[in-house]
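Thank you all for making time this morning. I would like to walk through one structure with you, slowly, and I will explain each term when we come to it.

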Amino acid sequence: MELESQKSLKHLNTFGIDVPASQYIKITSETALIQALKQHNKTPLFILSGGSNMLLTKSLDALVLHIAIKGITTQKNTENTVLVTASAGENWHDFVQYCISKNYGGLENLSLIPGYVGSSPIQNIGAYGVELKDHFVSCEAIHIATGAKKIFSKEDCLFGYRNSFFKNEGKSQYVITSVTFRLTTKEHILNTSYGAIENALSEKGISSPSIRDVADAVIMIRQSKLPDPKKIGNSGSFFKNPVISSKVFKELQQKFPEIPHYIISSSQVKVPAGWLIEKAGFKGKRFGDAGVHNKQALVLVNHGNATGKEILALAQKIQAEIKSVFGISLEAEVNIF
Ligand code: EPU
C-alpha cells in the first residue's frame with residue numbers, strides 16, 4: 001500500500017480535469033482499506049471510485065482512497081437465477097459484458113455506463129428502462145469511522161431516481177466494497193420497450209433478441225449520442241431530469257406543445273433536461289474548452305483543457321437560462337467538489 005503525494009487526478013476522472021490530491025493510496029483489498037482507514041483516521045478522506053460522476057473544481061486537500069478491489073464470484077440461486085457478486089473496483093461495463101458472456105441476464109440495458117461497480121448503487125445508475133435497483137440484492141460496505149463491515153439490503157439502500165441512502169443519510173460514511181445482483185440464467189426478462197432499442201433491433205431485423213442483441217443495441221445507441229470519455233472528457237448526464245407539477249407542465253405544454261414528457265403520477269411530470277437545454281440554444285455550444293455535447297445537450301464536455309471551474313460556470317449559466325426561459329430549476333446529477 002503505497003502513499004503518493006501531489007498525485008494528479010487527470011486520468012482518474014472522466015472529465016479529465018487536471019487537479020492534484022495532496023495524498024493518494026490505491027486500495028486493492030478490503031484488508032488494505034480497513035488498515036488505511038485506521039491509520040489515517042485524523043486525515044480528511046476522499047473516496048474515489050471510477051471518477052465518472054464528478055466534477056473537480058479545485059485541488060483536493062485530502063487523502064484520496066482509490067477503491068480498486070477486483071473479483072467476481074457467482075452462486076446458484078434458483079433454477080433460473082444466480083447471485084453474482086462483483087468487487088467495488090470492477091469496471092462496470094466490463095462486468096456487464098462478463099455477465100452477458102456467461103448468459104446471465106438483467107444488466108444488458110446498462111451496458112457502456114462508465115464507472116466502477118462500487119459506486120453504481122450510490123446513484124442507482126439507470127438507462128433505457130432499467131435501473132440498478134431492479135437487479136440489486138445487497139452490497140457490502142465498510143463504515144469509515146469504525147472500520148466495521150455492514151451488509152445493506154435493497155430496502156436499506158432507499159433507492160430512488162439517481163438517488164439512494166448513500167447520497168443522503170449515509171453520505172461520506174461508508175465505502176462500498178462489493179455489490180451482489182440476482183440475474184437470470186434461462187428465462188431472461190428483456191426490457192426492449194424503450195423506443196430507441198426497439199428501432200435498433202427492428203433495423204437489424206431481430207424479432208426475438210438475446211441479451212447480447214439488447215446489449216449491442218444499447219451500445220450502438222450510446223455510442224451514437226454520448227461522447228466517449230477517453231476521447232472527450234465528460235460525466236454523462238450533467239443534470240437530473242426535473243420533475244415538475246402537472247399544473248406547471250400544462251402551462252409549459254401550451255407554450256411548447258412538442259415538449260417530451262413522462263407522467264410520474266397524477267400530480268407530477270418528468271421532463272427531459274436535454275430537451276430544455278437544446279431548446280434554450282445551448283446544444284453544441286462551446287465556451288473555451290467547456291462545452292455542451294452536440295448530440296445530447298444533457299452532457300457537458302471538456303474539449304481539452306477546461307478547468308473544473310469553467311465547466312461549473314457553464315453549468316450555472318445553463319441553470320440560470322433554464323430558470324428564466326422555463327421557470328424550472330435544474331439540479332446537477334454529478335457530484336461537484
Ligand atoms: N432530447 C432533446 N435534445 C437533447 C437530448 C435529449 O430533445 O439534446 C430529448 C430526446 O429527444 C428525448 C428526451 O429528450 O425525447 C430524452 O432523451 P434521452 O433518451 O437521450 O434520455 P435522457 O432523459 O436525456 C436519461 C439518462 C441517461 C440515460 C438515458 C437513456 C438522466 C439524467 N439521464 O437521459 O443517463 O442513458 O436516459 O435511458 O436520467 C447518465 O445518467 O449519465 C446518463 C447518460
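I will go from the overall fold to the ligand, and then to some single residues.

Before the details, please keep in mind that this is a predicted model, in which local features need a pLDDT of at least 70 and side-chain atom pairs count only at pLDDT 80 or more, while totals for chains, interfaces and linings use all residues. Residues are numbered from 1 along each chain as its sequence is written, and side-chain values use heavy atoms, with hydrogens and water left out.

Let us begin with the whole protein, which has eight helices and 20 strands; helices here are DSSP runs of H or I with at least four residues, strands are runs of E with at least two, and both are numbered from the N terminus. The protein has a radius of gyration of 20 Å, close to the 20 Å that the globule rule gives for 337 residues, and so it is as compact as a globular protein of that length. That radius is taken over C-alpha atoms, and the globule rule is 2.2 Å times the number of residues to the power 0.38. The C-alpha trace spans about 60 × 50 × 35 Å along its principal axes. Of the 337 residues, 50% are buried, where buried means under 20% relative accessible area, exposed means over 50%, and partly exposed is in between, with a 1.4 Å probe and protein chains only.

Now to the ligand. Why does the ligand lie between domain 2 and domain 3? Domain 2 (72–184) and domain 3 (233–336) both give residues to the shell around the ligand, and therefore it lies between them; the domain bounds come from an automatic or database domain assignment. There are 23 residues around the ligand, and those that come nearest are Tyr128, Tyr161, Tyr194, Glu278 and Ala297, where near means that a heavy atom of the residue lies within 4 Å.

Which elements supply at least two residues of this shell each? They are β8 (126–127), together with α5 (211–225), β13 (233–237) and α7 (273–279), and α7 gives the largest share, with three residues. Sorted by class, the shell has 11 nonpolar, six polar and six charged residues; Ala, Val, Leu, Ile, Met, Phe, Trp, Tyr, Cys and Pro count as nonpolar, Asp, Glu, Lys and Arg as charged, and the others, Gly among them, as polar.

Several side chains also reach oxygen atoms of the ligand through polar contacts, which are pairs of N or O atoms within 3.5 Å; within protein, one must be able to donate a hydrogen and the other to accept it, and residues adjacent in sequence count only if both atoms are side-chain atoms. For Arg162 the distance is 2.8 Å, for Gln296 it is 2.9 Å, and for Lys283 it is 3.2 Å. The protein covers 81% of the 830 Å² of accessible area that the ligand has on its own, with areas taken from the Shrake-Rupley method and a 1.4 Å probe.

Arg162 deserves a second look, since this residue lies in the loop between α3 (154–157) and β12 (174–184), and is buried with a relative accessible area of 15%. Most residues other than glycine have a negative phi. Arg162, however, has a positive phi of about 50 degrees. Asn124 has a positive phi too, of about 45 degrees; Asn124 sits in the loop between α2 (92–101) and β8, and counts as buried at 0% relative accessibility.

In that loop between α2 and β8 we also find Ser120, which is buried at 2%, and whose side chain reaches the backbone oxygen of Val117 at 2.6 Å. Ser52, in the loop between β3 (45–48) and β4 (54–55), is buried at 11%, and its side chain reaches the backbone oxygen of Pro114 at 3.5 Å.

Finally, consider how sequence separation and distance in space can be set side by side. Asn53, in the loop between β3 and β4, is 39 residues from Thr14 in sequence and 7.8 Å away, C-alpha to C-alpha. Leu63, in strand β5 (residues 60–67), is 173 residues along the chain from Gly236, with 26 Å between their C-alpha atoms.
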